[in-house]
Amino acid sequence: MVAVMPSSSRAARPSCTGRTGRPRSAEADAAILLAAREALVDLGWSKFTMGDVATRAGVAKTTLYRRWAGKNELVVDAVAVLFDELELPDLGSLVADVEGVVLQFAALLERPETKTALMAVVAESTRDDALRGRIRSAIVDRQKRLVLVGRERAQARGELPYEADPAVSARHTDLIFDVVAGAVVHRALVSAEPVDEEWARDFTLLICSGLAATA
């Protein structure tokens, strides 16, 4: 998984709804996504409505529906834009880089808007295959870039070997992402235990020793 701290004020990525119409406004998108996160924290999933988000963002409800089919898609995009701001720090070694992004990821999960939105959409996705697919494409697949950057950097430093087989490389990318993201999410959101510097260091050493052994 990706030293810039997340900020909900940045312009959002466009939502892939496939709809046409007037050109998208980055400022309007950012305001809507911020309003969605705030509404979810204040109201919870069951009381969250597109109308309330439109009111908070100062736009017409039709503006939302031109961009998103419903609240599922809107909330996924609202949390995805926060994850898009994660960056893998270049701290001179694989261990330091991984530890840095683990702490950054944990800090993001501590934010009420991230925690509430992520838990809500994951719970809802257990009953909605389309929503699960959107989470995978908008959040999971996009954040695998962090693994690719980290591995390429470690290979250039001579810390990890290059992998000639693209299929093996892709499988290892998935595995590394699943282990890191799964462990941090479980620690922070399921077990509700702190992801502090000591835990992050121990976890990173375990991960990196496993990568070295596999290599």
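**Exercise 1. The end of helix α9**

Task: State which phi Ala 192 takes just after α9, then describe the start, the span and the buried residues of that helix.

Solution. Just after α9, Ala 192 has a positive phi of about 55°. The model is predicted: local features need pLDDT of at least 70, side-chain atom pairs count only at pLDDT 80 or more, and totals for chains, interfaces and linings use all residues. Residues are numbered from 1 along each chain as its sequence is written, and side-chain values use heavy atoms, with hydrogens and water left out.

Step 1. Helices (H or I, at least four residues) and strands (E, at least two) are DSSP runs, numbered from the N terminus. Helix α9 covers residues 166-190, which is 25 residues.

Step 2. From first C-alpha to last, α9 reaches 34 Å, close to the 36 Å expected at 1.5 Å a residue. The expected span is 1.5 Å times one less than the number of residues.

Step 3. At the start of α9, a side-chain oxygen of Asp 165 comes to within 2.9 Å of the backbone nitrogen of Ala 167.

Step 4. Buried means under 20% relative accessible area, exposed over 50%, and partly exposed in between (1.4 Å probe, protein chains only). The buried residues of α9 are Ser 169, Thr 173, Ile 176, Phe 177, Val 180, Ala 181, Val 184, Ala 188 and Leu 189.

**Exercise 2. The overall fold and the core**

Task: Count the helices and strands, then say which helix gives the most to the largest nonpolar core.

Solution. Step 1. The protein has 10 helices and zero strands. Of its 215 residues, 45% count as buried.

Step 2. A nonpolar core is a set of buried Ala, Val, Leu, Ile, Met, Phe, Trp, Tyr and Cys residues joined through side-chain atoms within 4.5 Å. The largest one has 58 residues, and those with the most contacts inside it include Phe 48, Leu 74, Phe 83 and Ile 139.

Step 3. Helix α4 (residues 71-83) gives the most to this core, with nine residues. The core also draws at least three residues from each of domain 1 (26-67) and domain 2 (81-214); these bounds come from an automatic or database domain assignment.

Step 4. Leaving aside residues up to four places away in sequence, Ile 139 touches Val 76, Val 79, Ala 80, Phe 83 and Arg 134. Contact here means heavy atoms within 4.5 Å.

**Exercise 3. Salt bridges**

Task: Find which parts of the chain are tied together by the salt bridge of Asp 77 and Arg 134, then trace the partners of Arg 157.

Solution. Step 1. A salt bridge is a side-chain nitrogen of Lys or Arg within 4 Å of a carboxyl oxygen of Asp or Glu. The structure holds 17 of them.

Step 2. Asp 77 and Arg 134 form one, at 3.0 Å from N to O. Asp 77 lies in helix α4 and Arg 134 in helix α7 (residues 129-143), so the pair ties together parts 57 residues apart in sequence. Asp 77 is buried, at 9% relative accessibility, and Arg 134 is buried too, at 17%.

Step 3. Arg 157 forms a salt bridge with Asp 90, the closest N and O atoms being 2.9 Å apart. Arg 157 is in helix α8 (residues 145-157) and Asp 90 in the loop between α4 and α5 (94-110), 67 residues apart. Arg 157 is partly exposed at 28%; Asp 90 is exposed at 54%.

Step 4. Arg 157 also forms a salt bridge with Asp 97, again with closest N and O atoms 2.9 Å apart. Asp 97 lies in helix α5, 60 residues from Arg 157, and is buried at 2%.

Step 5. Salt bridges that share partners join Asp 90, Asp 97, Arg 153, Arg 157 and Glu 159 into one network.

Methods:
Polar contact = N/O pair within 3.5 Å; in protein donor to acceptor, adjacent residues only side chain to side chain.
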